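These exercises are worked on one protein structure. Read each task, try it with the structure in view, and then follow the steps of the solution.

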Amino acid sequence: MNKAESERLGSYLEELGYQATPRAEKADLVVLNSCVVRQGAENRVLNKLNALKPLKRLRPDLTLAVTGCLVNSRIDQLKQVFPHVDHFFKPGELPPWLERDNPEPALPRHPKVSTFVPIIQGCNNFCTYCIVPYRRGRERSRPLQEIVREVEELVRRGTREVTLLGQNVDSYGHDLPDRPDLAHLLKELDAINGLLRIRFLTNHPKDMSHGLIDTVASLDKVCEQICLPVQAGSNEVLKAMRRGYTVEHYLALTSEIKSKIPEIGLSTDIVVGFPSESEAQFQETLDLLAGVRFDTVHAAAYSPRPGTIASRKFADDIPPAEKKEHLDRLEQLQERIATEINARLRDKMVEVLVEGKKGDKWQGRTRSGKLVFFPGDGGYPGKLIKVRIEKTSPWSLQGTAK
Ligand code: SAH
Ligand code: SF4
C-alpha cells in the first residue's frame, strides 16, 4: 500500500511539472512516505527525518513534507516535535498545498507493466496488535466503475497486470450503494481487452468466501495467487489478537483453496512473540506452516504499537532474544519448505509476464507469483513468455525462454 501510494504521489507531482531526482540535496521538494506498522519501520522514518535537518537549515527554500502512517490526527503536536517539516498530510491523500485543476486520482503517464490499484482504504477490524485502523481510518471502497475506468486507462497506457490492494479486499463494496463485492469487480476487470493478469491482496480468513474462491478458479486473467495472513497457529493467541477465526477454520479454508485451485501460490503473514505466547503455542505455528506448506511467509517479531489494544492490555513480555530465536527457527523451516516446493518446478514450462531487466537478465513472475529470471535479447517487457525452469532457489527461479 505504501509503495502504491508513493507511485501515485510521484505521478501527481510529475503532472504538476516536478521531476524525480535521486538525491535530496538537489530536490526542491522532499516527501517522506512513512510506515509505522512496527517500531523498526518508524525508527527508519525518524532517522531519515533527523538526517534531513542540516539540509533544511542550509536550504530553507527546500519544502519538506511527511505523509504515511506516521501522520496521526494530532498534526499540531507533530509540528511541534518536527518544526523543520513544512507540511504533514494523511496517508493516501495528495499534497493539499499543491493545487491541481483535475480532481481525478493521479495516474502514471507511463505506468509499469504491473501496477498497484487500491480498491479499498482503511480497516474496520482492530486486530489488537495493529496500528493501521488508527492511522488509516475506517473502510472506504472506491466505486466499482471508477476502478474499471482507471484500469482501462492504465491498460491503454501500457499496464498488463494489476494488483488490487486493500487491508481486507474481502470487505470490498459493503459500504457502496449497490454493494458489489470483490468477485463482481474481478468479473468486470476480466473483460478488459489488453489486460493479461489480475491479482489482489490481502484477504482476511474470517471474510474470504467460497464464492470468491470459485471466481478465482474460473476467471482466466485472475492469477493463482492468494495472500491469506494467519498470524498465529494457536487458537488462544488468535483470540488475544482478535482475529475472528480459529486454526480449524483457517485449515478448512486453505484446503478448499488448494483443492479448487491446484496451482495456487499461497502466502501468509506471521507475528512471533505476541504477548505471553508460550513455546508450545509457537510450536503450533510451526506445525501449521509445516501442514499448509506456503510458498511465501512474511514473519515479524511482535512490536507494541502505542494506542493499540494489545499495547494497553498486555505486557510485551517475550524477551527480544526469544523472539529472534523463534523468527530464525520459523525462517529455517520455511526456507526448507520453499526449497522443496520450488524444486518441483525444475524442467517445467512456466508462463512469465516480463516486467523488465535486472542486471543482464529479464525478470517477471509466474501466474502463482514466483519471480523468474532468464537471459535473452530485447522485446520482452509486457509480454507473456514461456520459460523452461532450470535452476530453483527458495526465493526465485531461473530458466530459458522458449
Ligand atoms: N491487513 C493485513 C496486513 C496488515 S499489516 C492483515 O490483516 O493481515 C501487515 C503485517 O504486518 C500484518 O499481517 C502483521 O503480520 C504485521 N504486523 C502488524 N502489526 C504488527 C505489530 N504490532 N508487530 C509485528 N508485526 C505486525
Ligand atoms: Fe491490521 Fe487486522 Fe486490519 Fe489487517 S485486518 S490492517 S492486521 S487491523
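Two strands pair if DSSP finds at least two bridges between them. The model used here is predicted.

**Exercise 1. Pairing of β15 and β16**

Task: In which sense do strand β15 and strand β16 pair, and over how many bridges?

Solution.
Step 1. Find the strands: β15 covers residues 384–392 and β16 covers residues 396–401.
Step 2. Take one residue and look for its partner: R388 has T400 of β16 as its bridge partner.
Step 3. Count the bridges and read the sense: β15 and β16 are antiparallel and share five bridges. Five bridges satisfy the rule of at least two.
Step 4. Place the pair in its sheet: β15 and β16 belong to a closed barrel of five strands, in the order β12-β13-β14-β16-β15, with mixed pairing. From one strand to the next, the twist averages 55 degrees.

**Exercise 2. A residue of the barrel**

Task: Is F373 buried or exposed?

Solution.
Step 1. Locate the residue: F373 is in strand β14, which spans residues 371–374.
Step 2. Apply the cut-off: buried means under 20% relative accessible area.
Step 3. Compare: F373 has a relative accessible area of 16%, so F373 is buried.
Step 4. Look at a distance as well: F373 and F274 are 99 residues apart in sequence, and their C-alpha atoms are 37 Å apart in space.

**Exercise 3. β7 and its neighbours**

Task: With which strands does β7 pair in the parallel sense?

Solution.
Step 1. Start with β4, residues 114–118. Over five bridges, β4 pairs in the parallel sense with β7, residues 161–165.
Step 2. Check the partners: T115 is bridged to V162 of β7, and V117 is bridged to L164 of β7.
Step 3. Turn to β8, residues 197–201: β7 pairs with β8 in the parallel sense, again over five bridges. Here V162 stands opposite I198.
Step 4. Collect the result: β7 has parallel pairing with β4 and with β8.

Task: Which residues of β7 point one way, and which the other way?

Solution.
Step 1. Recall the general pattern: in a regular strand the side chains alternate between the two faces of the sheet.
Step 2. Sort the residues: E161, T163 and L165 point one way, while V162 and L164 point the other way.
Step 3. Add the cover: five of the five residues of β7 are buried. In β4, four of five residues are buried.

**Exercise 4. A cavity and a pocket**

Task: Which residues line the largest cavity, and which element gives the largest share?

Solution.
Step 1. Search the whole structure: one cavity of 30 Å³ or more is found. The largest cavity holds about 30 Å³ of space.
Step 2. Name its lining: A4, E7, R8, P108, T115 and F116.
Step 3. Assign elements: α1 and β4 each give two or more residues to this lining. The largest share is that of α1, with three residues.
Step 4. Sort by class: three residues of the lining are nonpolar, one is polar and two are charged.

Task: Which element gives the most to the lining of the second largest pocket?

Solution.
Step 1. Note the volume of the second largest pocket, about 680 Å³.
Step 2. Its lining has 24 residues, and L13, A20, T21, L29 and V31 lie nearest the centre.
Step 3. The elements with two or more residues in this lining are α1 (2–15) and β1 (29–34). The most comes from α1, with seven residues.
Step 4. By class, 12 residues of the lining are nonpolar, six are polar and six are charged.

**Exercise 5. Unusual backbone angles**

Task: Where do Q231 and D347 lie, and is each buried or exposed?

Solution.
Step 1. Recall the general rule: most residues other than glycine have a negative phi, and most peptide bonds are trans.
Step 2. Q231 has a positive phi, near 75 degrees. Q231 is in the loop between β9 and α9, and at 8% relative accessibility Q231 counts as buried.
Step 3. D347 also has a positive phi, near 70 degrees. D347 is in the loop between α13 and β12, and with a relative accessible area of 53% D347 is exposed.
Step 4. For the peptide bond, look at L201 and T202: a cis bond joins them, with omega about 10 degrees. T202 is in the loop between β8 and α8.

Note on methods
Residues numbered from 1 in each chain as written. Chains lettered and ligands numbered in written order. Predicted model: local features only at pLDDT ≥ 70, side-chain atom pairs only at ≥ 80, totals over all residues. Heavy atoms only, no water. Axes fitted to C-alpha atoms, helices over the stretch in contact; angles between N-to-C directions. 1 Å grid on protein atoms, 1.4 Å probe; cavity = no way out; pocket = protein on both sides within 12 Å on 5 of 7 lines; lining within 4 Å. Points joined across faces, edges and corners; volume = space filled by probe spheres on them. Nonpolar A, V, L, I, M, F, W, Y, C, P; charged D, E, K, R; others polar. Buried < 20%, exposed > 50% of the residue type's maximum accessible area, 1.4 Å probe, protein only.
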